[in-house]
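Reader: I'm new to looking at protein models. Could you show me how to read one?
Author: Gladly; let's open it together.

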Amino acid sequence: MLKNIAMILVVALALPFANAFANESARQPNIVLLFADDAGYADFGFHGSSAIPTPNLDELARTGVLFSQAYVSDPTCGPSRAGLITGRYQQRFGFEENNVPGYMSANSAELGDEMGLPVDEITMADRLKSLGYATAVFGKWHLGHGDQFHPLARGFDEFVGFRGGARSYFAYPNGQADRPENRLERGFGEYREPDGYLTDVLADEAVAFIERNADQPFFVFLSFNAVHEPMDAAESDLALFPELEGLRKQLAAMTVAMDRASGKVLDRIEALGLSDNTIVVFTNDNGGPTDRNGSNNYPFAGTKSNHLEGGIRVPFLMRWPARLDAGDVYAEPVSTLDLLPTFHAAAGGDVASLGNIDGVDLLPFVRGEADGRPHQTLFWKKDVRAAVRDGDWKLIRFADRPPELYNLIEDPAEQDNLAADHPELVAELFRKIFAWEQTLQRSRWTLKREYEQYDIDRMDRYRVPPSEQR
């Protein structure tokens, strides 16, 4: 009798703990997207940098999965973000060019605040919010300045950041920003400049949101403006690099600050006991603009704004200890278009219900549950210029010269143009680009022609991978 009573007591005492464990293991994963801006591919320890220490992101790579062939859908900020947040090629809804009025052709500049992510496009935050997530974005938005495009109207519950594309990392005197859309905004319409270095401030805001929502699934989009110009660095961070000078010194200091901020978020997730069931992704919006911020895209040629690998291939890390093995390297081509369906599926959503998207759920591929590649073919387009990667072959179409063809496995630096050796393949890939273009909308706005020439000149200047110390 006493033995039976004892057994009942043991079971009764164990049930709450068993139920808590079951509930935690069944809970939807938290999702944290750490998003850099204009970072160089080689400017991280996990990609071989010895000049710039990034211990927190290196630890994320060590405990997660490193994707060695990760791409963005565009080599510039606004279109890349439009593709990321919708899971769709942004050209499908006419977001082919950046949405910065000062760069637009005269007929497009008249659109002003009408330029932005079309309001009928469903965002990553919309999808996750419908699945019960608390959602927040901190930092750079760049998907439209008008109120109709505001993050709080696009599925996010909280926003601390700026609507534009670039701003000071320090408080503007008297709150007078260079452009109205670059003021630091809290929620909707409340403007208050940062009390401290912006990269650190954004991390503090993300940490506070995570603490407030630790008992429910949350999605944090920490959209750093680092390391985009202006090249503003804290003096204490600059002092860490006495051997560097100029843009390279400023970039290193700004990268260290971004790594520190990322570490602050990761440490808080760990302290709250949430690490095992939190998906953390770190990636970047496009290749580094070496001429503007000193970034290094080694081992690739090219930079931001062109279709060489240095413009479109980006760092990409993913950690989810509950589902992914630590220290893995995934070597097939993936895209930031894949993040929306990957997050949606992990949250318990049905990817088939997402409709006409171009991304795929990466988890079955990374876990070895799906055969083949996530993508046989990927496309890029900016006005007349375009590129396609089909298998391991890549064709680049230009406005001012014949096309170029590269085998990216044998020649990832794109130094050996094989177009003359494979005319039939060139013709086939031209047809693939054209067939894809028939599914797209015309661009809703266009850049000034002078910037097309600037992009070509920048590409030609960086046709050989940099040799400087990484």
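Reader: Which residue follows α3, and what is the sign of its phi?
Author: Gly87 follows α3, and its phi is positive, near 75 degrees. Helices here are DSSP runs (H or I, at least four residues), strands are E runs of at least two, and both are numbered from the N terminus. Residues are numbered from 1 along each chain as its sequence is written. This is a predicted model, where local features need pLDDT of at least 70 and side-chain atom pairs count only at pLDDT 80 or more, while totals for chains, interfaces and linings use all residues, and side-chain values use heavy atoms, leaving out hydrogens and water.

Reader: How many residues of helix α3 are buried?
Author: Buried means under 20% relative accessible area, exposed over 50%, and partly exposed in between (1.4 Å probe, protein chains only). In α3 (residues 77–86), 10 of the 10 residues are buried, so this helix is largely enclosed by the rest of the structure. They pack against elements including β1 (30–36), α5 (124–130) and β13 (377–382).

Reader: How are two packed helices described?
Author: By the angle between their axes and the distance between the axes. Axes are lines fitted to C-alpha atoms, for helices over the stretch in contact, with angles from 0 to 180 degrees between N-to-C directions. Under 35 degrees counts as roughly parallel, over 145 as roughly antiparallel, 65 to 115 as roughly perpendicular, and the rest as oblique.

Reader: At what angle do α6 and α8 cross?
Author: Roughly 10 degrees, with the axes of α6 (residues 198–212) and α8 coming within 9 Å. Therefore α6 is roughly parallel to α8.

Reader: And at what angle do α2 and α8 cross?
Author: Roughly 55 degrees, and their axes come within 7 Å. So α2 and α8 are oblique to each other.

Note on methods. Contact means heavy atoms within 4.5 Å.
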